[in-house]
Amino acid sequence: MSLNRDQIAMRVAQELKDGYYVNLGIGIPTLVANYVPSDIEVMLQSENGLLGIGPYPTEEQVDADMINAGKETVTAALGASIFSSAESFAMIRGGHVDLTVLGAFEVDQQGNIASYMIPGKLVKGMGGAMDLVAGAENIIVTMSHADKRDNSKLLENCTLPLTGAACVKRVVTDLAVMDIKEGAFHLIERAPGISVEEIKQKTAGRLVVPAYVPEMSF
């Protein structure tokens, strides 16, 4: 079966490395905070001015004034800092974020990402996404492999307005983990029980498949 939102977040959490400064976007990426491996220390950053996001709060821990960029209540980890959004974006634009995890509507085989608008629909704005994909050392996208009509979201060329160009290095979907390099998606892992053939069928962009594709482990 395809992965659920929490399983995607669990797989992305395996990409975290000790000492990383990490920005988590709205949606599935925020769930990564719940699955940080216990043997490493990372500082999770929210662009509204919190460095050191902890797990989601229990009912007793909820503080309405402690929110992330998606206006969800969060907790602060030991050693956290709170500062202005201007300082937060200075950190992002200065290249001090090691990893950004964000969602997307589309990603293409050149590493382009479209994540902030669908023409004709309500546009809330791109938020800090454009700064994040330009300023971070590494970009990982979390998304469903296909839309509700079963159309691939992993394309030869994005059809929606771009948030960033040639910036995405890895994509974790509900079906697979893929690296983007040399103008193609390179299949790294598949979700448990998902066949390589299904991934091929739901990937519109160029897909490079090795002889052996292991299943993800959690």
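Me: In what order do the 3 strands of the open sheet stand?
Reply: This is a predicted model, in which local features need pLDDT of at least 70, side-chain atom pairs count only at pLDDT 80 or more, and totals for chains, interfaces and linings use all residues. Residues are numbered from 1 along each chain as its sequence is written, and side-chain values use heavy atoms, without hydrogens or water. Strands here are DSSP runs (E, at least two residues) numbered from the N terminus, and two of them pair if DSSP finds at least two bridges between them. With mixed pairing, the open sheet has the order β7-β6-β9.

Me: Which strands of this sheet have one side left without a neighbour, and why?
Reply: The order of the sheet is β7-β6-β9. A single partner strand is available to each of the two that stand at the edges, so one side of each lacks a neighbour in the sheet, and these are β7 (113-114) and β9 (154-155).

Me: Which residue of β7 does V107 stand opposite?
Reply: Strand β6 covers residues 106-108 and is joined to β7 by 2 bridges, the two strands running antiparallel. Across from V107, in β7, stands I113.

Me: How many residues has the largest nonpolar core?
Reply: Such a core is a set of buried (under 20% relative accessible area, 1.4 Å probe, protein chains only) Ala, Val, Leu, Ile, Met, Phe, Trp, Tyr and Cys residues joined through side-chain atoms within 4.5 Å. V107, I113 and V171 are among the residues with the most contacts inside the largest one. Leaving aside neighbours within four places in sequence, V171 is in contact (heavy atoms within 4.5 Å) with residues including V107, V141 and L154. The size of this core is 57 residues.

Terms used
Helix = DSSP H or I, 4+ residues; strand = E, 2+ residues; numbered from the N terminus. Buried < 20%, exposed > 50% of the residue type's maximum accessible area, 1.4 Å probe, protein only.
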